[in-house]
Amino acid sequence: MGRVQDKAVFITGAARGQGRAQAVRLAAEGADIIAVDLCADIATNGYPLATEEDLEETVREVEKLGRRIVARKADVRDPAALKAAVADGVAELGRLDAVVAQAGICPLGPGRTAQAFLDAVTVDFHGVVHAVDAALPHLPDGASIVATGSIAALIPATTDNPANGPGGLGYSFAKRQVAAFVHDLATVLASRRIRVNALHPTNVNTDMLNSDLMYRSFRPDLENPGREDALPSFPATTGFGIPYVEPEDIADTVLFLVSDESRYVTGMQLRVDAGGYVKRRPQLPTF
């Protein structure tokens with residue numbers, strides 16, 4: 001028996017990166033998956049987003065593990081589309097035990113309009129709210145809700161740098177709202193023993209990090225930096241001196257939060273940041 005045997009889990013942003021790693025890790029431990037992704041680009045976002053082929057690969061990887069998966073193209077900015085995807089998944093799988101609101105973008109870069117701010121907020125924060133709203137009518141008492149934040153929610157964020165434009169501000173603003181939302185929702189749902197937790201990663205080795213816009217963010221002194229130029233700067237965001245964590249590191253923590261092992265864990269701002277937070281905030285807050 002796996003750690004999440006026969007649970008059904010709804011994951012947004014499941015076509016690649018962290019979302020795919022979570023789907024595969026949970027499936028390996030016995031879960032069935034409802035997988036959603038936009039499978040299209042967003043104009044203000046300076047790197048390509050996942051494709052239909054990426055989502056199909058997630059389906060293949062889950063099915064290779066002998067688990068069921070219901071995959072749908074849907075935009076987390078569209079509440080009706082998410083509700084329809086969840087309804088389809090529950091109809092096929094027969095239940096829903098957890099939701100992982102993972103989908104996110106980071107539209108950094110100068111010269112962008114306020115639309116970049118709005119896109120970051122509507123995907124990275126509103127998308128979390130919409131995912132929870134779609135899942136909540138199907139969740140039983142004792143279910144689990146996990147939202148992906150960012151270490152940028154908890155410390156002064158490099159994405160707030162004016163050089164990163166309105167999209168950078170939108171990203172860190174949205175992640176701070178995710179942290180607040182999780183705290184308040186955990187309070188509201190405590191009577192049903194539905195636990196609600198936020199997971200805040202440092203750099204993760206995904207397409208978002210491995211993009212020209214992120215290289216320029218880490219190496220603004222160069223006109224056209226590449227990965228090798230930016231890589232020595234990546235460890236600045238961690239205390240362990242490593243450049244990033246892997247999507248599978250985040251997936252392992254999601255597995256814990258979805259499993260019954262975390263049945264008394266709620267309202268947490270759980271950092272998977274290789275010491276990035278304590279590096280920036282070395283002392284406990286005083287009250």
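The exercises below concern two elements of a predicted model, helix H8 and strand E2.

Residues are numbered from 1 along each chain as its sequence is written, and side-chain values use heavy atoms, leaving out hydrogens and water. Local features need pLDDT of at least 70, side-chain atom pairs count only at pLDDT 80 or more, and totals for chains, interfaces and linings use all residues.

**Exercise 1.** Compare the expected span of helix H8 with the distance between its end C-alpha atoms.

Step 1. Helices (H or I, at least four residues) and strands (E, at least two) are DSSP runs, numbered from the N terminus. H8 has 12 residues, 247-258.

Step 2. The expected span is 1.5 Å times one less than the number of residues. For H8 this gives 16 Å.

Step 3. The end C-alpha atoms of H8 are 16 Å apart, which agrees.

**Exercise 2.** How many residues of strand E2 (residues 32-37) are buried?

Step 1. Buried means under 20% relative accessible area, exposed over 50%, and partly exposed in between (1.4 Å probe, protein chains only).

Step 2. On one side of E2, Asp32, Ile34 and Val36 are buried; on the other, Ile33, Ala35 and Asp37 are buried.

Step 3. The count is 6 of the 6, so E2 is largely enclosed by the rest of the structure.

**Exercise 3.** Find the strands that pair with E2.

Step 1. Two strands pair if DSSP finds at least two bridges between them.

Step 2. E1 and E2 run parallel, joined by 5 bridges; Ile11 has Ala35 of E2 as its bridge partner.

Step 3. E2 also pairs with strand E3 (residues 69-73) in the parallel sense, over 5 bridges. Ile34 has Val70 of E3 as its bridge partner.
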